[in-house]
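This report goes through one structure, starting at its ligand. Salt bridges, cysteines and a few buried positions follow.

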Amino acid sequence: MLTRTEDIAASVENWLSEFEGALASKNGTALKALFHDESYWRDVLAFTWEIKTITGVGAIAAELKSCSIEAQPTGFAITSARTPPRRVSRAGSEAIEAIFQFRTAQGRGSGVLRLMPDAHDRNSVKAWTLLTALDEIKGHEEHIGRARPTGEAYARDFRGPNWLDLRKAAAAYAEHDPVVLVVGGGQAGLCTAARLAQLEIDALIVDRWPRIGDNWRQRYHALVLHNQVQVNHLPYMPFPPSWPTYIPKDKLASWFEAYVEAMELNYWTGTEFEGGAYDQKERRWSVVVRRANGTSRRMHPRHLVMATGASGIPNIPEIPSLRNFRGTVLHSSEYQDGEMWRGKRALVIGSGNSGHDIAQDLHSSGSHVTLVQRSSTMIVNVEPSAQLPYALYDEGPPLEDCDLITASMPLALARRSHILMTAQAKNIDKDLLAGLERKGFRLDFGDDGSGWQFKYLTRGGGYYFNVGCSDLIVKGAIGLVQFSDIESFVAEGARMRGGDTLRADLIVLATGYKGQEHLVRKLFGNEVAERVGPIWGFGKEAELRNMFTRTAQPGLYFIAGSFAQCRIYSKYLALQIQAAELGLIPPSLAPPVARMSEATSGILSPHIADAHAGYDPLARR
Ligand SMILES: Cc1cc2nc3c(=O)[nH]c(=O)nc-3n(C[C@H](O)[C@H](O)[C@H](O)COP(=O)(O)OP(=O)(O)OC[C@H]3O[C@@H](n4cnc5c(N)ncnc54)[C@H](O)[C@@H]3O)c2cc1C
């Protein structure tokens, strides 16, 4: 394998030049010769206007050949502005990793190439993975850096509106509707709106909380973020270098407020999105939002971005005997603070992050807590084990390069690397895990040991980052019982199969939330929900379903996930909306008009009618 920096750079340049030549001549044989049999090409909008991964040399060569006719990619080169090509270990394999730039007929892009020698072909250096990602559309670039707005306009006319007047008018939407309505002002909504603002696409965020940042502020008292600060930046405006490694929730909440102000985002607080319907003829939505003062406003945005997080509809399991219980039953979304339960007895049902965090909060407030485990759970110490997947962000490359490298990992290899990291974490945390097993805690490490990241990506939970609750369980300070050992709930608590009664004043159902498809059904009706299909988790394309991309429902998009996911993919979501606005792509992945029925054309859905009749489709948390 090559070791000298010059040799590494030369072999990357050589590959890129042969690649460009093969694309230009549409030479399938030459393209095939550049890739390993087991290889992956992830395209993020640059060649195909889709986010997709193509696997295997044959399929890659065929797709490249066909889509480069329209994309016309050229100018492949490494650039001194990015991290230079280097040797790395990814998913347990050694490779040369290089960031490069290129152009297409419509835009400019960046990519990541990983090369390895092919032992079956004279050790010639071939591509193992390739990412091609769109950065900007030509002629419609972001107004940042040297292209920043001058600001002069505000100072030329002493009688005209100044910056503040213009900002207030823009955010009031008195005379017009936004082009994009972003529902939800957590990190997913903020990232999306900030990206759109830089592309000069008029976007409004609506959120039901009364104050920006309340989605964090209202969480439990002791919360600090689980990931280290360097992974959690929002786009354009990184956290100050003096900030603590783990950001406290209220500090983050105030940063959200500052971010909205500094990035000039339009944000309506105390505003509930009540639902709507797509008008196929007008190619826009008709939606209703209810403001804090009780008034409703109908809007007609062309695009709707659902950034509503996982916490839309609480998942309340059907436990008939729970009706017998005379104490208080709360879903975790209703739980506020342990103080009022001091000296009382509590059962917390569910052993994911919320269940553990609530159990620890109640314990620290002086309640007697028992955690009730329903299914096996992965436990990982928040440090260092939970930080292993983010080692890249500590290696030194700038954030933008780390994000591109993260986006370049195809699902199959990400899985392979998480299996390795899970084994490492299991070893690091072995004492804690052994202690938990002694207490009867049922552990698991995900399918094939692929760990918490894949649990998160496939089902949104099933793990706990230990910030102390597991230690309390091991010490016996927090009790543990298995749900299967409960015979039934009775007036005083839980009757165990052994005959004892576990007394309780409070039962917390930390049983998670229903998937976003339930929210779609509630807000837009069955037809839209069926057209869109499952959201989150993986489909056959090896990409998260309906996330960060156009969907089969024109003008409807979803964004969610970690700070890193939101930061990375908000850029590509905004570029798709921009491309749709420019007429470069249709606002849907479905064939035009196909699958759209008369039922959705030009009329409001029953959901809106219900909303007008005072029906509150989503109870305030
Ligand atoms: C203890 C803890 C630590 C964590 N640490 C990290 C970390 O370090 N890094 C990381 O990346 N992630 C972390 N997470 C997870 C993750 O960041 C959160 O789940 C995050 O809140 C998701 O952001 P979001 O914008 O998708 O959704 P949310 O923050 O849930 O925001 C969604 C918003 O949509 C609004 N909304 C929903 N429906 C409507 C409607 N109909 N009308 C109006 N508004 C609506 C809600 O009011 C809410 O404000 C942590 C979570 C917890 C609990």
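Three elements, α6 (187–198), α7 (214–217) and β11 (272–279), each supply at least two residues of the shell around the ligand. The model is a predicted one. In this model, 31 residues surround the ligand. The closest of them are Asp207, Asn215, Asn227, Phe273 and Phe563. Sorted by class, the shell has 13 nonpolar, 13 polar and 5 charged residues.

Several polar atoms of the protein lie at short range from the ligand, through side chain or backbone. Asp207, one of the closest residues, places a polar side-chain atom 2.6 Å from a ligand oxygen atom. Ala188 takes part through its backbone: an N or O atom there lies 3.0 Å from an oxygen atom of the ligand. Arg208 also has a backbone N or O atom at the ligand, 3.1 Å from a nitrogen atom. On its own the ligand has 990 Å² of accessible area, and the protein covers 89% of that.

**Salt bridges**

The structure holds 30 salt bridges. Three of them are listed here with the distance between the closest N and O atoms.

| Residue | Partner | Closest N and O atoms |
|---|---|---|
| Arg82 | Glu400 | 3.8 Å |
| Asp121 | Lys126 | 2.8 Å |
| Glu257 | Arg217 | 3.5 Å |

What does the salt bridge between Arg82 and Glu400 tie together? Arg82 lies in the loop between β3 (74–78) and β4 (86–90), while Glu400 belongs to helix α10 (residues 399–407), so the pair joins parts that are 318 residues apart in sequence. Arg82 is buried, at 13% relative accessible area, whereas Glu400 counts as exposed at 52%.

The pair of Glu257 and Arg217 also links distant parts of the chain. Glu257 is in helix α8 (residues 249–262) and Arg217 in helix α7, with their positions 40 residues apart in sequence. Helix α7 is also one of the elements that supply residues of the ligand shell. With a relative accessible area of 25%, Glu257 is partly exposed; Arg217, at 13%, counts as buried.

In the pair of Asp121 and Lys126, Asp121 is partly exposed, with a relative accessible area of 22%. Lys126 counts as buried at 8% relative accessibility. Apart from these pairs, Arg86, Arg90, Glu97 and Arg114 are linked in a network of salt bridges.

**His36 and its backbone contacts**

Lys126 comes up again at His36. This histidine is found in strand β1 and is buried, with a relative accessible area of 11%. A polar atom of the His36 side chain lies 2.8 Å from the backbone oxygen of Met116. The side chain of His36 also reaches the backbone oxygen of Lys126, at 3.4 Å. Lys126 thus appears twice: in the salt bridge with Asp121 and, through its backbone oxygen, in the contact with His36.

**Cysteines**

How many disulfides does the structure hold? The count is 0. A disulfide is a covalent bond between the sulfur atoms of two cysteines. The cut-off used here is a pair of cysteine sulfur atoms within 2.5 Å. For Cys402, the nearest cysteine sulfur is that of Cys191, 16 Å away. For Cys566, the nearest is again the sulfur of Cys191, here at 5.4 Å. Neither distance is within 2.5 Å, so Cys402 and Cys566 are in no disulfide.

Is Cys402 buried or exposed? Cys402 is buried, with a relative accessible area of 1%. Cys566 is buried too, with a value of 0%.

**Two loop positions**

Thr48 is found in the loop between β1 (35–44) and β2 (51–55). Thr48 is buried, with a relative accessible area of 15%. Along the chain, Thr48 and Phe100 are 52 residues apart, and their C-alpha atoms are separated by 18 Å.

Gly56 lies in the loop between β2 and α3 (57–71), and is likewise buried, with a relative accessible area of 15%. Gly56 and Pro398 are 342 residues apart along the chain; the separation of their C-alpha atoms is 31 Å.

Note on methods: Residues numbered from 1 in each chain as written. Predicted model: local features only at pLDDT ≥ 70, side-chain atom pairs only at ≥ 80, totals over all residues. Heavy atoms only, no water. Buried < 20%, exposed > 50% of the residue type's maximum accessible area, 1.4 Å probe, protein only. Near = heavy atom within 4 Å. Polar contact = N/O pair within 3.5 Å; in protein donor to acceptor, adjacent residues only side chain to side chain. Areas by Shrake-Rupley, 256 points an atom, 1.4 Å probe, with all protein chains shown as cover. Helix = DSSP H or I, 4+ residues; strand = E, 2+ residues; numbered from the N terminus. Nonpolar A, V, L, I, M, F, W, Y, C, P; charged D, E, K, R; others polar. Salt bridge = Lys/Arg side-chain N within 4 Å of Asp/Glu carboxyl O.
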